[in-house]
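Trainee: I'd like to go through this model with you and ask why things get the labels they do. Can we take it step by step?

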Amino acid sequence: MPQLVIEGQKRLMGSCKVQGSKNSALPILAASVLCGDVSIIHNCPDLSDVRTAVNILRSLGCSVEFAGGTLLCDSSDMACSSIPDSLMRKMRGSIIFLGALLARTGSANLCLPGGCEIGPRPIDLHLKALEALGAQINDDHGVFRCTAPFGLHGAKIALSFPSVGATENVMICACLAEGTTVLTNAAREPEICDLADYLNGCGAQISGAGDGTIVIEGVSRLHGTQHSVIPDRIAAATLLSSCAAAGGKVTLTDVIPSHLGAVLSIFEECGCFVDIRGGTITLDAPNRIYAPKIVRTMPYPGFPTDAQAPVMGMAAKSRGTTLFIENIFENRYLHVGALLRMGANIKVEGRVSVLQGVEMLHGADVCALDLRGAAALVTAALGAEGRTTLRGLKYLDRGYEDIEASLQSLGADVKRI
């Protein structure tokens, strides 16, 4: 079983390119089935979740080539509308294929998605929204058989929560529906805008992405296009957290600083100097940061839930106390037990955790239990005294492309064995 071996307390210095966004690439790959044509996706990260999406596309009859950060998907011969259970259960993002298959073929058969167990992520918002567009969905003990016997049509849809996945499913499905769809209380994340840019490049008519109301004018068909995936703001936040934990001065390139506003303010509160110039962010961190007072996760443009864990790993060795409030997922503190093994002082009560920074963490043998929790253990280990051995890399590899190489380029002592 592969492990990361991290020797801590090595100051990070230098520059590093930020990978393409996982949370953009996955819905764009799902949406590529709508075209019945060739889509070329640049800056696509090589992650296990992306590989799962590629296998789903191939199982549907698409031809896919993926090399050097560029993915070519030809969906012209796609003839299947069922996804094998084994692929659906590998990641949560697989549910985004539901709207795509309905729009392309008029039917879809798939089971409940899998992924990290970080709390309930019900798909009722997805199903209710697709039903408003004309879908008929039969739930057979977790296996969904979906059809659109009378075709898809535009609708007025109001989400009870600004769910990213539900927003993406509606956007994708409504592209080929007859008439106009107005989606209110839509998610506003940058990944929503990236998906809209891709779909519009294919001939869709989507306006308002990034605002609370999105309008989709249905079209009769789409065509292929070329698109470049936006930089991954969570990978950027993780690299910045790593620098803040270990100390040093790091410059991230190929990043969109405006996507990280809520995160960058936390680093400044911690005593780090943040310099933004065009598409770069430079973080100059002291040997030991101050604790941020409150980290409260919220839908975008608030502090992202995916960045909570790596920031907690960074803050474990800070000066002072931090209150973490997790408003998105119920069980997003799976990394706390391993941080305690490393000497952290953290108390958890439901969605709230109180972290008292300690003067020094020590290396330990720890195991990741989810994707962002794995990142928390990496950031903590970089600032800890001694050696940390991290297992459970299957989670880390779902969201980070060769993270050890990125950290090594900054001077970290990290090896995969």
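**Labels and the values behind them**

Mentor: Sure, and let's start with a pair: Arg332 and Asp306 are both buried. Keep in mind that this is a predicted model.

Trainee: What makes Arg332 and Asp306 a salt bridge?

Mentor: The closest N and O atoms of Arg332 and Asp306 are 2.9 Å apart. The cut-off is 4 Å between a side-chain nitrogen of Lys or Arg and a carboxyl oxygen of Asp or Glu, so a pair like this qualifies. Arg332 sits in the loop between S18 and helix H11 (336-341), while Asp306 belongs to helix H10, and the two are 26 residues apart, so the pair links distant parts of the chain.

Trainee: And what about Arg351 and Glu330, with 3.7 Å from N to O?

Mentor: That is a salt bridge too, as 3.7 Å is within the 4 Å limit. This pair also links distant parts of the chain: Arg351 is in the loop between strand S19 (345-349) and strand S20 (352-356), and Glu330 is in the loop between S18 and H11, 21 residues away.

Trainee: Why is Arg351 called partly exposed?

Mentor: Its relative accessibility is 33%. Buried means under 20% and exposed means over 50%, so Arg351 at 33% falls in between. Glu330 gets the label partly exposed as well, with a relative accessible area of 48%.

Trainee: How do you know that Asp413 and Lys415 form a salt bridge?

Mentor: Again by distance: their closest N and O atoms are 2.9 Å apart, and the limit is 4 Å. Asp413 is partly exposed at 22% relative accessibility, and Lys415 is partly exposed at 47%.

Trainee: How many salt bridges does the structure hold?

Mentor: It holds 14 salt bridges. Lys22, Asp49 and Arg398 are linked in a network of them. Side chains of opposite charge can pair when their charged atoms come close.

Trainee: On to Ser318. Why is it called buried?

Mentor: Ser318 has 0% relative accessibility, and the label applies under 20%, so Ser318 counts as buried. Ser318 lies in the loop between helix H10 (305-315) and strand S18 (321-325). Leaving out residues up to four places away in sequence, Ser318 touches Arg288, Ile289, Tyr290, Ala291, Leu355, Gly357 and Val358.

Trainee: What does the side chain of Ser318 reach?

Mentor: The backbone oxygen of Ala315, at 2.6 Å. The cut-off for a polar contact is 3.5 Å, so that distance fits.

Trainee: Ser163 has 13% relative accessibility; what makes it buried or exposed?

Mentor: Ser163 counts as buried, because 13% is under the 20% line. Ser163 is in the loop between strand S9 (156-158) and helix H6 (164-174). A polar atom of the Ser163 side chain lies 3.1 Å from the backbone nitrogen of Ala166, and the side chain of Ser163 also reaches the backbone nitrogen of Gly165 at 3.5 Å. Beyond its neighbours within four places in sequence, Ser163 is in contact with Leu125, His126 and Ala187.

Trainee: How do you know that Gly99 is buried?

Mentor: Its relative accessible area is 0%, and buried means under 20%, so the label follows. Gly99 lies in helix H4 (residues 97-105). Not counting neighbours within four places in sequence, Gly99 is in contact with Leu130, Asn169, Ile172 and Cys173.

Trainee: What is noted about the phi of Asn43?

Mentor: Phi of Asn43 is positive, about 55°, although Asn43 is not a glycine. Asn43 sits in the loop between strand S3 (38-42) and helix H2 (48-59). With a relative accessible area of 23%, Asn43 is partly exposed. Asp402 also has a positive phi, near 50°, and lies in the loop between helix H13 (393-399) and H14. At 41% relative accessible area, Asp402 is partly exposed.

Trainee: Which residues does the cis peptide bond join?

Mentor: Tyr300 and Pro301, with omega about 15°. Pro301 is found in the loop between strand S17 (294-296) and H10.

Trainee: Last one: which residues lie nearest the centre of the second largest pocket?

Mentor: Lys17, Val18, Gln19, Gly20 and Glu401, out of 18 lining residues. The lining divides into 8 nonpolar, 7 polar and 3 charged residues, and the pocket holds about 240 Å³ of space.

Definitions and conventions:
Residues numbered from 1 in each chain as written. Predicted model: local features only at pLDDT ≥ 70, side-chain atom pairs only at ≥ 80, totals over all residues. Heavy atoms only, no water. Helix = DSSP H or I, 4+ residues; strand = E, 2+ residues; numbered from the N terminus. Buried < 20%, exposed > 50% of the residue type's maximum accessible area, 1.4 Å probe, protein only. Polar contact = N/O pair within 3.5 Å; in protein donor to acceptor, adjacent residues only side chain to side chain. Contact = heavy atoms within 4.5 Å. 1 Å grid on protein atoms, 1.4 Å probe; cavity = no way out; pocket = protein on both sides within 12 Å on 5 of 7 lines; lining within 4 Å. Points joined across faces, edges and corners; volume = space filled by probe spheres on them. Nonpolar A, V, L, I, M, F, W, Y, C, P; charged D, E, K, R; others polar.
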